[in-house]
Amino acid sequence: MDASEIAIAVRQELNRRGLSPYRAARLAGLPDNTFRYVLEGRDSRLSKLLDVCDALELECYIGPSRPEPDSVETAIPPQVEAGAQSLVRAVTDAGGNPIPDDLWPELARRRGGAMKAVPIGQGFDLIRRYTDDVRLAAGDGSPGEGETVGAHVAFRSAWLRSRGWRAGELSLIDVIGNSMAPTLENGDTVMVHHGRRAPRDGAIFALRGPGGPTVKRLRKREGWWADSDNEQHRPRALSEDDEIVGQVVWATRSLPI
């Protein structure tokens, strides 16, 4: 296994746990840049790799090559598959979630990580929505400790495809604070595209840094700056401790009744 394969394995486990390299290092009591250096191939010392593997509960094996496990595919009888599709359609048409929330972690594990979407059929895909302990602060930052998926929301597959998006790259997160008003108000829900992490001048991004998760508009001026649409909040320069979680590509809000 070379450095790139190690980086891929570490990145997949971080994504499965919903952790940034910075957050994982803090939880493990390691230097802030430990995971980032391994992911970038800047520090491949065995001691560092062992620390990373221990923190993520990954096996670090040194020894003779082990055989690949045999893959077993189980065919689903046509009548069972047809019955399951009918049940999914009935539950979806009634406005329900055809897959219980407590089943999602197991489905994600079997499918190789939380970033993979599970289609529900009948032209819909499910997008994960994070619980209240993970919210994007439209202000100075607010720690999100658990970073757990609390529910999934169905979106039309055709609508996602028309925008070039895949459900597995998206998540829904609530906004708190008013620093991005009037573009984003307190209580709005934003859709974050985790496949778009390269900064773009003028675009809105979800960020994670020492102050917790935030949502800001990035501007290019002698480096990258995090701006607020609300002029009462001052911009700040991005530092190496800031991680771009993804670009905000869609938002929705509840109107007062």
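**Exercise 1. Strand S6 and its partners**

Task: In this predicted model, find which strand is joined to S6 by five bridges from residues 170-176, and in which sense the two run; then place S6 between its partners and describe its burial.

Solution: Begin with strand S5, residues 170-176, which is joined to S6 by five bridges, the two strands running antiparallel. One point of register is given by Ser 171, which stands opposite Val 192 in S6. Next, turn to strand S11, residues 243-252, which pairs with S6 over five bridges, again in the antiparallel sense; here Thr 189 stands opposite Thr 252.

The next step is burial. Five of the five residues of S6, which covers residues 189-193, are buried, so the strand is largely enclosed by the rest of the structure. As a general rule, side chains in a regular strand alternate between the two faces of the sheet. In S6, Thr 189, Met 191 and His 193 point one way while Val 190 and Val 192 point the other way, and all of them are buried.

**Exercise 2. The surroundings of His 193**

Task: Decide whether His 193 is buried or exposed, and list what the residue touches beyond its sequence neighbours.

Solution: His 193 belongs to strand S6. Its relative accessibility is 4%, and because the cut-off for a buried residue is under 20%, His 193 counts as buried. Leaving aside neighbours within four places in sequence, His 193 is in contact with Trp 165, Glu 169, Leu 170, Gly 246, Gln 247 and Val 249. A last step looks at a polar partner: the side chain of His 193 reaches the backbone nitrogen of Gly 195 at 3.0 Å.

**Exercise 3. An aromatic cluster**

Task: Classify the ring pairs that Trp 159 forms with Phe 155 and with Trp 165, and say how buried each of these residues is.

Solution: A pair of aromatic rings is described by the distance of the centres and the angle of the planes. For Phe 155 and Trp 159 the centres are 5.8 Å apart and the planes make an angle of 25 degrees, so this pair is stacked. For Trp 159 and Trp 165 the distance is 5.6 Å centre to centre with 80 degrees between the planes, and the pair is edge-to-face.

Now compare the accessibilities with the cut-offs. Phe 155 is buried at a relative accessible area of 11%, and Trp 165 is likewise buried at 9%, whereas Trp 159 is partly exposed at 24%. Together with Trp 250, these three residues form one aromatic cluster.

**Exercise 4. The nonpolar cores and helix H2**

Task: Identify which elements give two or more residues to the largest nonpolar core, and then examine what covers helix H2.

Solution: The largest nonpolar core has 13 residues, and those with the most contacts inside it are Val 10, Leu 14, Ala 24, Phe 35, Leu 39, Val 52 and Leu 56. Two or more residues come from each of helix H1 (3-17), helix H2 (21-28), helix H3 (34-39) and helix H4 (46-56). Apart from this core lies another, of twelve residues, among them Tyr 130, Leu 184, Ala 206 and Val 248.

Take Leu 14 as an example: beyond four places in sequence, Leu 14 touches Leu 19, Ser 20, Pro 21, Ala 24, Phe 35, Leu 39 and Leu 56. In H2, the buried residues are Pro 21, Tyr 22, Arg 23, Ala 24 and Ala 25, and what covers them includes H1, H3, strand S7 (204-209) and S11. After H2 comes Gly 29, whose phi is positive, near 70 degrees.

**Exercise 5. Unusual backbone geometry**

Task: Explain what sets the backbone at Pro 182 and at Glu 222 apart.

Solution: The general expectation comes first: most residues other than glycine have a negative phi, and most peptide bonds are trans. Against this background, the peptide bond from Ala 181 to Pro 182 is cis, with omega near 5 degrees, and Pro 182 is placed in the loop between S5 and S6. Glu 222, a residue other than glycine, has a positive phi near 45 degrees. This glutamate lies in the loop between strand S8 (212-220) and strand S9 (224-227), and Glu 222 is exposed, with a relative accessible area of 86%.

Key
Residues numbered from 1 in each chain as written. Heavy atoms only, no water. Core = buried A, V, L, I, M, F, W, Y, C linked by side-chain atoms within 4.5 Å. Buried < 20%, exposed > 50% of the residue type's maximum accessible area, 1.4 Å probe, protein only. Helix = DSSP H or I, 4+ residues; strand = E, 2+ residues; numbered from the N terminus. Contact = heavy atoms within 4.5 Å. Phe/Tyr/Trp six-rings, centres within 6.5 Å; stacked < 30°, edge-to-face > 60°. Pairing = 2+ DSSP bridges. Polar contact = N/O pair within 3.5 Å; in protein donor to acceptor, adjacent residues only side chain to side chain.
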